[in-house]
Amino acid sequence: MAVDVDLNKLIVGLPKVAGWFGQMFPPDLSDIKRILRDAFQTLAMATVGTIFALLAACVLAPLAATNTTPYPVIYRLVRGLLSTLRGTEILVFALIFVAAVGFGPFTGVLAIAFNMTGALGKLLTEVIEPADPGPIEAVKLTGAGPVKTFRYALLPDVFPNIVAVILYIWEFNVRASTVLGIVGAGGIGQTLKDSIDLLDFPKMLTVLGVILIMVIAIDTLSGWLRRRVLNPGSGRSRPLPVARRIEQVCAEETLS
């Protein structure tokens with residue numbers, strides 16, 4: 001078979017794994033300060049990478065959405081770029097940037113930024129395209145340009161979903177960045193790899209515990225924030241009515 005399934009190897013290997021579990025206890029907390037510092041580096045790497053990806057996606061997404069792109073050619077080119085970035089694995093980007101800029105967290109930031117520009121750009125276009133065309137057409141009738149149309153007609157409708165998408169991507173990047181250290185991108189993933197290479201199972205258990213706690217905390221925080229943004233009863237400000245948006249555009253035109 002192409003995947004070479006061999007249950008005998010699995011049966012022989014499982015007792016080894018069980019033996020390793022026995023060697024993990026008690027966990028080694030002697031280097032906990034360094035492990036926590038590496039965990040914070042991983043969190044920072046995911047956050048900065050997400051910010052870079054967001055800046056790029058905010059430029060590309062309106063060009064890749066059918067209802068906001070200026071020309072069909074630009075739409076196809078940007079869609080192709082987003083698909084290429086999204087389709088290239090984050091570990092592949094990490095390997096490329098390790099060769100380009102060397103080992104360290106900056107490599108992880110670049111890998112996350114490039115891969116997530118494609119993913120975030122794609123998700124933002126999915127948010128923008130179903131927007132209600134009524135307010136957009138109404139604001140355009142006032143003579144507003146593309147920027148003001150986006151600001152007063154499109155953004156109020158899609159902003160909650162945009163925030164939810166950004167939080168989801170950030171949450172995903174925190175999880176993904178924990179394994180980037182395997183290829184030399186720094187963070188707690190590098191510490192995990194070192195402990196596995198040295199068969200230091202008590203330290204490996206500590207590292208895994210810190211990763212688990214960090215991921216659960218980020219998932220919980222992100223989920224809570226998404227519910228706050230998307231839940232109409234949470235007290236967030238609702239999108240302005242179309243008439244109010246038109247009034248704001250006209251007022252700006254008068255002042256300018």
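This passage walks through the overall make-up of a predicted protein chain and then looks at helix α3.

The model is predicted, with local features needing pLDDT of at least 70, side-chain atom pairs counting only at pLDDT 80 or more, and totals for chains, interfaces and linings using all residues. Residues are numbered from 1 along each chain as its sequence is written, and side-chain values use heavy atoms, leaving out hydrogens and water.

The protein chain has ten helices and zero strands; here helices (H or I, at least four residues) and strands (E, at least two) are DSSP runs, numbered from the N terminus. Of its 256 residues, 39% are buried, meaning under 20% relative accessible area, with exposed meaning over 50% and partly exposed in between (1.4 Å probe, protein chains only). As for contacts (heavy atoms within 4.5 Å), take those between residues at least 6 apart in sequence: 75% of them join residues at least 24 apart.

Now for α3, which covers residues 72–87. With 16 residues at 1.5 Å a residue, α3 should span 22 Å (1.5 Å times one less than its number of residues), and its end C-alpha atoms agree, sitting 22 Å apart. Tucked away on this helix are V78, R79, L82 and L85, its buried residues. Looking down the axis, these buried residues fall within an arc of 130° (taken from the directions from the helix axis to the C-beta atoms), so they line one face of α3. In general, an α-helix has 3.6 residues a turn, so residues three or four places apart point the same way. The buried residues of α3 pack against α2 (32–64), α4 (90–101) and α5 (105–128). Turned away from that buried side is a face carrying the exposed residues P72, V73, R76, L77 and G87.
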